[in-house]
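The following exercises are to be worked with the sequence and the structure at hand. Each task is followed by a stepwise solution.

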Amino acid sequence: MLQAATGFGFALLAGPSLYAVMAPSHAVALLLILGLCVNVLVLGGERRSLAVDWGGLRPAMLAALPGLPIGAVLVRTLPADALRVAIGVVVCVLVAHRLLRRTTEAPPVAGRATAGIAGFAAGVLTTSTTTNGPPLALWLGGRGLSPAVVRDTVSAAFLILDLVGLGVVLAVVGPHRALAEAIWLPALIPVVLVGHLAGSWLFRRLPAHRYDQILLLAVAAAGVVSIGSGLR
């Protein structure tokens, strides 16, 4: 519901729950498959014209490619709790930076360097924890784009990263290990569908001038949840 309403947030909220009941390598593959379903619904299940900023997205996705195998190695070598705490801290720092930039009335963030940083970070996070939303959401939200463009562009990025990331995880971790919990998919996919319907309804009713504030609040809350789940 959160991802359909704001463009991101699925893995940040669903991830801690799955990490609590299964191994990180199992949870990552399951989250990537469910994430594919979420983003296909946002981009193809609402009977509307898409508003994807492909020009801004291309350099970010190219920068994400080298980050994908790095994240797949991290998920096998680092404790899941340490990863969640580190991600939460980074997310909160990024939010604080955005808030500071807004108070100083800085211009919207653009450029290939910024897109590259956000893309590389998203690539690493895709295959390590699947929580790749904050760097992309903060980058796109800071460019002064409309809510529809931010939502569709983030969803397109997630669709690409989840698809490629799933292949990388299967190659690095192994299909048998990565898909050990796939038995849950028939039960969870209908839950994802119901959540998307509710979130899509909310997005159509969100005031456009409040979207960036809501996005920042959601990112900050997700960062706190990530830290809390790692320190439990």
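**Exercise 1: A surface patch**

Leu-62 is exposed, its relative accessible area being 61% (exposed is over 50%, buried under 20% and partly exposed in between, with a 1.4 Å probe and protein chains only). The model is predicted: local features need pLDDT of at least 70 and side-chain atom pairs pLDDT 80 or more, while totals for chains, interfaces and linings use all residues. Residues are numbered from 1 along each chain as its sequence is written, and side-chain values use heavy atoms, without hydrogens and water.

Task: Locate Leu-62 in its helix.

Solution: Leu-62 belongs to helix H4 (helices are DSSP runs of H or I with at least four residues, numbered from the N terminus).

**Exercise 2: One face of a helix**

Task: Determine how the buried residues of H12 are arranged around the axis.

Solution.
Step 1. Helix H12 spans residues 211-230. Its buried residues include Tyr-211, Leu-215, Ala-222 and Gly-230.
Step 2. The buried residues cover an arc of only 160 degrees around the axis, so they lie on the same side of H12 (the arc is that of the directions from the helix axis to the C-beta atoms).
Step 3. Exposed Leu-217 and Val-224 are on the face turned away from the buried side of H12.

**Exercise 3: A buried threonine**

Task: Is Thr-6 buried or exposed, and which residues does Thr-6 contact?

Solution.
Step 1. Thr-6 lies in helix H1, residues 2-6.
Step 2. Its relative accessibility is 4%, so Thr-6 counts as buried.
Step 3. Neighbours within four places in sequence aside, Thr-6 is in contact with Tyr-211, Ile-214 and Leu-215 (contact means heavy atoms within 4.5 Å).

Conventions: Helix = DSSP H or I, 4+ residues; strand = E, 2+ residues; numbered from the N terminus. Expected span 1.5 Å × (residues − 1).
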